[in-house]
Amino acid sequence: KKCLSMLIPDDNLDDCKEKLARYIHRVHYAEFPKWPTVEERQQKSVVHIQCSDQGFGGKYGNVVMWSANGTVEVIDTRPAQSAYETEVQGRVKINALWTMNEMMQAIEGIIANKGALTAVQSFETKYKE
């Protein structure tokens, strides 16, 4: 997750980064459940990513819908008996859409009190170009 957080600093995508990190780890671990021996020194797997999900993110608890596509290579190395290193290389494209809770609550309030048509008309007037 640290690597993904450095590449994607947006805190609205924290849930996405957590789920992607777990997915990459699970796929790599299924192929290599143990670290390489010092003699082997290195093992690598290619993880193809094509997934989507939704969750909450950011300091305001925004609802976030996201999808991710790409490929990463996970390389475990063991240069010495007590030294373990993992490197992740590749590209992952993330598409995300999130809502603002305050705006959604305002829309829901108008719908509850005045109906859906009034809510649509209200936002058409407010955001008309």
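Helices, of at least four residues, and strands, of at least two, are taken here as DSSP runs and are numbered from the N terminus. With that naming in place, this briefing introduces a predicted model of a protein chain of 129 residues, whose secondary structure comes to four helices and three strands. The topics below run from the chain as a whole to its largest pocket, and then to two local features.

**Overall build**

- Read along the sequence, the helices and strands of the protein chain follow the pattern α-α-β-β-β-α-α.
- The C-alpha trace of the protein chain spans about 70 × 25 × 25 Å along its principal axes.
- The radius of gyration of the protein chain is 21 Å, whereas a compact globule of 129 residues would have a value near 14 Å.
- Buried residues make up 22% of the 129 residues in the protein chain.
- Among the contacts in the protein chain with a separation of 6 or more, 53% are accounted for by residues 24 or more positions apart.

**The largest pocket**

- The largest pocket holds about 630 Å³ of space, and its lining is made up of 26 residues.
- Of these lining residues, Cys3, Ile24, Val74, Thr86 and Val88 are the ones that lie nearest the centre of the largest pocket.
- At least two residues of the lining are supplied by each of α1 (2–7), α2 (14–31), β2 (62–80) and β3 (83–98), and the largest share, seven residues, comes from β3.
- Sorted by class, the lining of the largest pocket has 14 nonpolar residues, together with six polar and six charged ones.

**Helix α3 and the residue after it**

- Helix α3 covers residues 101–114, and because a helix is expected to rise 1.5 Å a residue, its 14 residues should span 20 Å, which agrees with the 20 Å that separates its end C-alpha atoms.
- Just after α3, Gly115 takes a positive phi of about 100°.

**Thr37 in its loop**

- Thr37 lies in the loop that runs between α2 and β1 (42–57).
- Thr37 has a relative accessibility of 33%, and it therefore counts as partly exposed, since that class falls between buried, under 20%, and exposed, over 50%.
- Although Thr37 and Tyr84 are 47 residues apart along the chain, their C-alpha atoms are separated by 10 Å.

Definitions and conventions. Residues are numbered from 1 along each chain as its sequence is written. This is a predicted model: local features need pLDDT of at least 70, side-chain atom pairs count only at pLDDT 80 or more; totals for chains, interfaces and linings use all residues. Side-chain values use heavy atoms; hydrogens and water are left out. The expected span of a helix is 1.5 Å times one less than its number of residues. On a 1 Å grid over the protein atoms alone, a cavity is a set of points where a 1.4 Å probe fits but cannot get out, and a pocket is an open set with protein on both sides within 12 Å along at least five of seven lines; lining residues have an atom within 4 Å of a point. Grid points are joined across faces, edges and corners, and a volume is the space filled by probe spheres set on the points. Ala, Val, Leu, Ile, Met, Phe, Trp, Tyr, Cys and Pro count as nonpolar, Asp, Glu, Lys and Arg as charged, and the others, Gly among them, as polar. Buried means under 20% relative accessible area, exposed over 50%, partly exposed in between (1.4 Å probe, protein chains only). The radius of gyration is taken over C-alpha atoms; the globule rule is 2.2 Å times the number of residues to the power 0.38. Contact means heavy atoms within 4.5 Å.
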